[in-house]
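Please work through the exercises below with the sequence and the structure open beside you, and try each task before you read its solution.

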Amino acid sequence: MNLWLLLTLTALAEYAYQTRGTHSCPDLCTCSFLPSSAEVVCRQSSLTYFPADGLYPNITRLSIQSRNLSFITARHLSFVPLLNHLQLYHTNLSSLPSDLLGAIPHLSTLDLTGNQLIHLPPKVFVHSLLRSLVLKNNLIEKAHGEWFSDNSSLTWLDLSGNRLTSITAALLQKLPHLENLDLSHNHLQELQPDTLANLHHLETLNLAGNKLISLKPSTFSHNVKLSQLFLQENQLRELPVTLLQGLQHLELLLLNQNRLRYLPSGLLDDRKSSFQMTVTGNPWQCDANLEYLWKWLTNHPQNVFFLDEVVCDGPEALKHKQVVSLTDSQLDPK
């Protein structure tokens with residue numbers, strides 16, 4: 001065993017010696033080398049330019065984080081043709097060239113979190129292998145279908161933390177393979193009934209932190225694989241009784257921090273035993289109309305997060321009282 005360990009360490013030392021002479025690392029970056037791939041991470045705030053010097057063709061992962069990097073071109077990326085993961089994280093990019101991804105045909109993940117992007121050119125994300133696109137925390141006011149090719153291969157799209165006031169069916173029709181869609185913390189006020197109709201593979205949908213007041217009965221009727229639905233921190237006042245109809249795979253539903261006073265009778269029927277939900281932070285009116293929710297919480301306490309924080313907002317005599325502690329006579333006094 002000692003001989004084997006000695007031979008292993010010798011081989012690793014020899015490889016390190018050989019690669020040290022053949023692979024350089026760009027200034028202000030750190031590098032990890034493997035025989036057939038490498039990762040470069042650049043997180044120095046003093047970085048003001050794309051670190052082309054020192055890059056070599058077999059780099060597969062590149063991450064740049066610098067508030068002083070303000071532009072990038074397709075020519076820059078031509079130095080790393082095998083790239084499959086690109087992160088331009090919290091840089092100062094305000095625009096992207098339409099041909100940016102042309103020189104990196106193997107790219108599968110693009111993360112542009114925390115930039116200054118507002119408008120993007122047509123076809124900027126037309127890329128045959130791109131699976132994951134993160135545009136989180138930018139300044140985007142409208143998402144355009146023309147960014148993508150028809151039948152795009154994207155399975156993950158994150159547009160959270162932007163300034164979107166609407167999302168169109170024309171955009172999502174281009175993305176039939178989406179499994180995860182994050183539209184949280186925008187300014188969405190409504191969803192048209194057909195907006196999500198083409199997303200038959202959608203499993204996770206995050207609409208938290210928007211300004212939704214209501215939802216149409218058929219909003220999620222085509223998303224039969226949906227397992228996680230985040231609707232918290234909106235302004236929802238009521239929900240259609242058929243909103244969850246057909247969602248047999250739904251396991252997590254977050255409704256906290258809305259303006260719900262009641263839930264319609266039948267909304268939560270036929271949920272799986274593994275189903276979990278939150279309903280805290282709503283102004284529940286503890287009268288006869290709350291009977292359905294009261295019975296459901298009482299019969300399924302194991303399915304509700306923070307059950308003891310689900311409290312009455314009215315009438316005054318029951319204010320702040322836990323809903324599950326109520327009695328029939330309190331809900332419907334004769």
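## Exercise 1: The surroundings of Asn180

Leaving aside residues up to four places away in sequence, Asn180 touches Thr155, Trp156, Leu157, Leu202 and Thr204. The model you are looking at is a predicted one.

Task: Find the element that holds Asn180, and decide whether Asn180 is buried or exposed.

Solution: Begin with the position along the chain, where Asn180 belongs to strand 8, which covers residues 180–182. Next, take the relative accessible area of Asn180, which is 16%. Residues under 20% count as buried, and therefore Asn180, at 16%, is buried.

## Exercise 2: The sheet

Task: Describe the order of the strands in the open sheet of twelve strands, and then work out which strands are its edge strands.

Solution: The order of the strands is 1-2-3-4-5-6-7-8-9-10-11-12, and the pairing in this open sheet is mixed. Strand 1 (30–33) and strand 12 (276–278) are the edge strands, as each of them pairs on one side only. When direction is ignored, neighbouring strands of this sheet are turned by 5 degrees against each other on average.

For one pair in detail, recall that strands of a sheet pair through backbone hydrogen bonds, either parallel or antiparallel. Strand 5 (residues 109–111) and strand 6 (residues 132–134) pair in the parallel sense, over three bridges, and Leu110 stands opposite Leu133 in strand 6.

## Exercise 3: Salt bridges

Task: State how many salt bridges a search of the whole structure finds, and compare the places of the partners in the pair Arg61 and Glu39 with those in the pair Lys295 and Glu291.

Solution: The search of the whole structure finds five salt bridges. One of them joins the side chains of Arg61 and Glu39, at 4.0 Å from N to O. Because Arg61 lies in strand 3 (residues 59–64) and Glu39 in strand 2 (residues 38–42), this pair ties together parts that are 22 residues apart in sequence. Arg61 is partly exposed at 35% relative accessibility, and Glu39 is likewise partly exposed, with a relative accessible area of 30%.

Now turn to Lys295 and Glu291, which form a salt bridge whose closest N and O atoms are 3.0 Å apart. Both of these residues lie in helix 4 (residues 291–299), four residues apart, which is about one turn of the helix. An α-helix has 3.6 residues a turn, so residues three or four places apart point the same way. Lys295 is partly exposed, with a relative accessible area of 40%, and Glu291 is partly exposed at 33%.

## Exercise 4: Helix 4 and the nonpolar core

Task: List the buried residues of helix 4, and find out what they pack against and how many residues helix 4 gives to the largest nonpolar core.

Solution: The buried residues of helix 4 are Tyr292, Leu293, Trp294, Trp296 and Leu297, and they pack against strand 12, strand 13 (284–285) and helix 5 (328–331).

As a second step, consider the largest nonpolar core, which has 93 residues; among those with the most contacts inside this core are Leu96, Phe125 and Leu253. Strand 2, strand 3, strand 4 (85–88), helix 3 (169–172) and helix 4 are the elements that give two or more residues to the core, and the largest share, five residues, comes from helix 4.

Finally, look at Leu253, which touches Leu229, Leu231, Leu244, Leu268, Phe275, Gln276, Met277 and Thr278 when residues up to four places away in sequence are not counted.

Note on methods. Residues numbered from 1 in each chain as written. Predicted model: local features only at pLDDT ≥ 70, side-chain atom pairs only at ≥ 80, totals over all residues. Heavy atoms only, no water. Pairing = 2+ DSSP bridges. Axes fitted to C-alpha atoms, helices over the stretch in contact; angles between N-to-C directions. Buried < 20%, exposed > 50% of the residue type's maximum accessible area, 1.4 Å probe, protein only. Contact = heavy atoms within 4.5 Å. Core = buried A, V, L, I, M, F, W, Y, C linked by side-chain atoms within 4.5 Å.
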